[in-house]
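Hi,

Here is the structure you asked about. My notes follow below it.

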Amino acid sequence: MARRYWNINLEEMLEAGVHFGHGTRKWNPRMAPYISAKRKGIHITNLTRTARFLSEACDLVFDAASKGKQFLIVGTKNKAADSVVRAAIRARCHYVNKKWLGGMLTNWPTTETRLHKFRDLRTEQKTGRLNRLPKRDAAMLKRQLSRLQTYLGGIKYMTGLPDIVIIVDQQEEYTALRECITLGIPTICLIDTNCDPDLADISIPANDDAIASIRLILNKLVVAICEGRSSYIRNP
């Protein structure tokens with residue numbers, strides 16, 4: 001079967017601004033092998049290496065999806081949040097796009113308890129039971145439901161730890177990355193020039209501040225996941 005996501009070309013990455021890094025003062029020396037130049041005080045990422053690691057990441061998620069594995073996409077900063085939701089819905093993945101609650105994975109029993117409460121409250125709301133409660137009690141439970149929806153809405157159907165976690169912006173989601181490392185969960189991380197490329201299992205050097213760059217990287221991974229899921233459905 002032809003893997004369409006292999007069509008990763010430098011021109012589309014240039015158009016999306018994937019190559020723009022941070023200012024030369026805000027860089028991690030470990031990123032030196034992934035930087036090709038300096039331009040007007042900005043580091044420029046080597047897109048040939050970006051394409052290579054993105055292709056490896058696509059291979060990984062394709063193979064995992066073809067085996068029925070589950071994914072979690074994490075990206076909570078404003079420029080990533082909407083793209084994360086769209087990508088996750090399209091690929092039928094779990095996601096966190098508002099705030100990472102410390103211990104979300106490493107303290108999974110607590111998270112699971114919160115998810116059970118969330119699902120119960122959603123059921124009570126859908127059946128109209130909340131509206132039959134005293135106004136004060138109903139208001140309190142609706143506020144609780146709203147908070148749970150904000151922070152756990154993207155993982156409401158998650159029944160266990162994910163098999164692979166995709167992270168947008170290593171610096172922003174460092175707590176999530178550390179939890180994955182602690183638990184031995186494989187990670188794919190979009191990293192800018194101020195990051196440590198050695199922390200994730202696969203680090204994709206790319207601009208993590210431009211919406212177009214984030215969207216492009218996520219789109220390639222999503223296509224690979226969808227291809228893999230399609231293969232899994234055809235060959236259960």
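**Cysteines and the sheet**

Cys226 is partly exposed, with a relative accessible area of 30% (buried is under 20%, exposed over 50%, partly exposed in between; 1.4 Å probe, protein chains only). This is a predicted model: local features need pLDDT of at least 70, side-chain atom pairs count only at pLDDT 80 or more, and totals for chains, interfaces and linings use all residues. Residues are numbered from 1 along each chain as its sequence is written, and side-chain values use heavy atoms, without hydrogens and water.

Cys189, at 0% relative accessibility, is buried.

Disulfides: zero in the whole structure (a disulfide is a pair of cysteine sulfur atoms within 2.5 Å). Cys226 is in none; its nearest cysteine sulfur, in Cys93, is 7.7 Å away. Why is Cys189 without a bond to Cys195? Because the two sulfurs are 6.5 Å apart, which is too far.

Now the sheet. It is open, with five strands in the order β5-β4-β6-β7-β8, paired in parallel. Strands are DSSP runs of E, at least two residues; helices are runs of H or I, at least four; both are numbered from the N terminus. Pairing takes at least two DSSP bridges between two strands. The edges are β5 (94–96) and β8 (202–205), each paired on one side only. β7 (residues 187–191) joins β8 over four parallel bridges. One partner pair is Ile188 with Ile202 in β8.

Helix α2 (residues 47–65) packs on the sheet and touches β4 (71–74), β6 (164–168), β7 and β8. Contact means heavy atoms within 4.5 Å.

Best wishes

How values were computed: Axes fitted to C-alpha atoms, helices over the stretch in contact; angles between N-to-C directions.
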